[in-house]
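User: I would like a close look at a single part of this structure, followed by its surroundings. Please explain each step in words that a first-year student can follow.

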Amino acid sequence: MAGIIHPFYEAHRAAMEAAMRHRLDLAEAMLRERAHLSDIDGIRQAVTDEFDIVLTQMPYVGGAASRMSDFFMRLIGFVAISRVLRRHGVPLAVIGEIERETYKAQLLDEPEVERLAAGRQFMSPGNQALLREQAALSATSRHQQAFPEDFVYDFVEPGPGDSFEFGIDYKACGFCKFATRHGDEEILPNICGLDFDAYATRGIHLQRTQTLAGGASHCNFRFSRLR
């Protein structure tokens with residue numbers, strides 16, 4: 001329902017807004033030099049206002065029980081920032097550069113030991129087993145009926161000659177559904193581009209050659225450890 005924030009997101013609102021404000025702090029110089037914007041305070045207020053709107057649009061996909069809830073929460077700020085910058089005529093390529101550089105800087109603010117530990121946990125056999133279970137669940141009709149805006153994906157085992165440790169094929173993307181519903185299709189490639197730094201800063205190499213946002217049948221994520 002328009003104007004209503006799901007209680008799960010309301011509970012995490014302060015943390016999400018703080019992360020977005022941090023990214024705006026990191027982006028200030030780039031907003032002036034690359035986007036040629038001078039009223040940075042006005043941009044901040046417009047992004048804050050847009051953030052409140054995006055919060056009401058966020059689909060509920062299972063809360064803490066779903067790993068994809070974290071994807072939505074981590075990327076909501078980018079949607080708000082992108083919408084505001086587009087209204088100010090900033091080219092999509094420049095928005096993508098600003099978002100990727102500020103996101104990487106924000107990730108690198110975290111202690112290296114914590115980032116690499118998170119990467120090892122993601123690549124661990126235990127997490128791979130969990131991903132297999134969640135992938136199977138995502139494809140069931142019962143789950144899709146309960147959470148129609150969620151991602152749908154398959155776990156991919158490496159075959160003979162493959163260099164990756166495991167993969168995920170996303171057959172349906174929650175962000176693509178969100179973008180289609182709210183008219184944000186043009187910013188999707190920028191959001192997809194954030195994935196590489198998100199994994200690299202945790203010591204993980206992501207190989208991906210196609211995306212749903214780019215018109216492919218699925219997004220082919222392949223993971224291996226950075227040496």
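Analyst: The model considered here is predicted. The account begins with one residue, Thr-102, which is placed in helix 5, a helix made up of residues 92-108. Is Thr-102 buried or exposed? Its relative accessible area is 4%, and buried means under 20%, so Thr-102 is buried. Which residues does Thr-102 touch, once those up to four places away in sequence are set aside? They are Arg-23, Leu-26, Ala-27 and Met-30. The side chain of Thr-102 also has a polar atom that lies 2.8 Å from the backbone oxygen of Ile-98.

The next element to consider is helix 7, residues 125-138. This helix has 14 residues, and at 1.5 Å a residue it should span 20 Å; the C-alpha atoms at its ends are 20 Å apart, so the two values agree. Within helix 7, the residues Asn-127, Gln-128, Leu-131, Gln-134, Ala-135 and Ser-138 are buried. When helix 7 is viewed down its axis, these buried residues fall within an arc of 125°, and therefore they line one face of the helix. The face turned away from that buried side carries Pro-125, Gly-126 and Glu-133, which are exposed. What covers the buried residues of helix 7? The covering elements include helix 6 (112-123) and helix 8 (141-146), together with strand 1 (152-156) and strand 2 (166-172).

Two cysteines deserve separate attention. Cys-173 is buried, with a relative accessible area of 13%, and Cys-176, at 15% relative accessibility, also counts as buried. How many disulfides does the structure hold? The number is 0. A disulfide is a covalent bond between the sulfur atoms of two cysteines. The cysteine sulfur closest to that of Cys-173 belongs to Cys-176 and is 3.6 Å away; because a disulfide requires the sulfur atoms to be within 2.5 Å, this separation is too far for a bond.

The last part is strand 3, residues 204-207, which has two faces. Ile-204 and Leu-206 form its covered face, whereas His-205 and Gln-207 form the uncovered one. Strand 3 pairs with strand 4, residues 219-225, in the antiparallel sense over 4 bridges. Which residue of strand 4 is the bridge partner of Ile-204? That partner is Arg-225. Ile-204 therefore appears twice in this description: on the covered face of strand 3, and in a bridge with strand 4.

Notes:
Residues numbered from 1 in each chain as written. Predicted model: local features only at pLDDT ≥ 70, side-chain atom pairs only at ≥ 80, totals over all residues. Heavy atoms only, no water. Buried < 20%, exposed > 50% of the residue type's maximum accessible area, 1.4 Å probe, protein only. Polar contact = N/O pair within 3.5 Å; in protein donor to acceptor, adjacent residues only side chain to side chain. Contact = heavy atoms within 4.5 Å. Pairing = 2+ DSSP bridges. Expected span 1.5 Å × (residues − 1). Arc of directions from axis to C-beta.
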